[in-house]
Amino acid sequence: MRLRLVPKDTKWDFFSRPKLWLGISAFLILLALASFLVQGLNYGIDFRGGTTIRTESAQPVDIGLYRGAIDSLELGDVTITEIFDPNFDDDENVAMVRIQAQEGEESVSSEVIEAVEAALQEAVPDIRFVSVESVGPKVSGELIQTAVIAVLLAIGAVLVYIWLRFEWQFALGAVAALVHDVVLTIGIFSELQIKFDLAIIAALLTIVGYSLNDTVVVFDRVRENLRKYKQMPFKEVLNISINETLSRTVMTSLTTLLALISLFVLGGDVIRGFVFAMIWGVIVGTYSSIFVASVILLRLGVKRDWSKPDGNAGTQYAKIDA
């Protein structure tokens with residue numbers, strides 16, 4: 001007997017209260033924008049500037065030991081990652097220590113770097129400091145600008161793709177869902193003041209792809225059913241399409257969430273922000289595919305050509321090309 005997370009042949013009405021779903025989404029978007037304007041984002045080293053120290057030692061990297069040695073200096077945002085490379089020898093254990101620039105400073109001062117190196121030297125006597133690199137505020141500002149452009153270009157490409165594959169009504173519904181997902185993800189990071197760095201930009205782009213995939217699956221079934229049920233009201237066609245793809249949507253989302261939750265619990269601090277963004281993105285992406293993209297498509301309406309029983313042509317909603 002196969003496990004079913006969703007009953008077979010569901011007939012749920014997803015559009016009994018379309019104004020309610022759009023109202024909830026609008027409220028959450030306004031809340032996210034308000035938080036962003038009032039609190040802003042808790043930018044990480046990538047966007048605020050800072051210094052990266054590359055270390056090497058014969059002793060295996062113990063991130064907890066490194067962090068314990070540095071925490072007493074109270075330097076704010078410090079990220080420690082171990083670098084793995086198959087070309088490294090057994091006695092080459094490499095780590096990257098990233099320190100954010102202090103308030104009012106354009107970069108980490110030489111005194112701070114020396115203090116960090118001394119603390120690490122005391123904890124790991126054989127440690128060597130291979131390189132020290134700094135990122136200034138100018139470069140950080142360019143990274144923010146580039147990240148925004150990347151997200152906007154991704155959404156713009158989606159608009160063109162959906163427009164060419166379906167119709168403009170489908171494109172607007174899909175893009176509205178993507179903007180909804182991106183804004184709510186940025187909003188939750190602003191509200192909770194979770195560190196926002198380049199890894200989160202990567203998560204946003206991944207969320208765009210995931211949400212789009214979900215939406216396209218639903219829209220494909222809508223297009224098929226528009227040809228199949230030529231005289232059925234559009235609202236009923238949308239309901240049938242979502243119900244037919246619901247099992248796939250739920251199964252995909254839950255299996256993805258299982259993997260992400262495992263990474264969130266066991267993956268450590270380095271990827272926790274990225275994984276949190278993905279978990280949130282999967283949840284809002286699944287929601288938006290049904291209650292944002294499809295509801296907007298219902299409001300816009302689409303047309304199609306059909307034949308009356310007497311053989312005369314008629315027009316209902318939109319033309320869906322084969």
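**Exercise 1.** Are Phe170 and Phe219 buried or exposed? Classify their ring pair as well.

*Solution.* The model is predicted. Start with the surroundings: Phe170 is buried, and Phe219 is buried too. Next, take the rings. Their centres are 5.0 Å apart and their planes meet at 80°. Planes over 60 degrees apart count as edge-to-face, so the pair of Phe170 and Phe219 is edge-to-face. Finally, place the residues. Phe170 belongs to helix 6 (residues 168–192) and Phe219 to helix 7, so the pair ties together parts 49 residues apart in sequence.

**Exercise 2.** Classify the ring pair of Trp21 and Phe291, then locate both residues.

*Solution.* By the ring-pair rule, the count is 7 aromatic pairs. In the pair of Trp21 and Phe291, the ring centres lie 4.4 Å apart and the planes are at 40°, so this pair is tilted. Trp21 is in helix 1 (residues 18–38) and Phe291 is in helix 9 (residues 269–300), so the pair ties together parts 270 residues apart in sequence. Now check exposure. Trp21 has a relative accessible area of 24%, so Trp21 is partly exposed. Phe291 has 15%, so Phe291 is buried. Last, look for a cluster. Ring pairs link Trp21 and Phe291 with Phe14 and Tyr287.

**Exercise 3.** Describe the setting of Thr215.

*Solution.* First, the element: Thr215 sits in helix 7 (residues 198–228). Second, the exposure. The relative accessible area of Thr215 is 1%, and buried means under 20%, so Thr215 is buried. Third, the contacts. Setting aside neighbours within four places in sequence, Thr215 touches Ala174, Ser289 and Ala293.

Conventions. Residues are numbered from 1 along each chain as its sequence is written. This is a predicted model: local features need pLDDT of at least 70, side-chain atom pairs count only at pLDDT 80 or more; totals for chains, interfaces and linings use all residues. Side-chain values use heavy atoms; hydrogens and water are left out. Helices (H or I, at least four residues) and strands (E, at least two) are DSSP runs, numbered from the N terminus. Buried means under 20% relative accessible area, exposed over 50%, partly exposed in between (1.4 Å probe, protein chains only). Contact means heavy atoms within 4.5 Å. Rings of Phe, Tyr and Trp (its six-membered ring) pair if their centres lie within 6.5 Å; planes under 30 degrees apart count as stacked, over 60 as edge-to-face and the rest as tilted.
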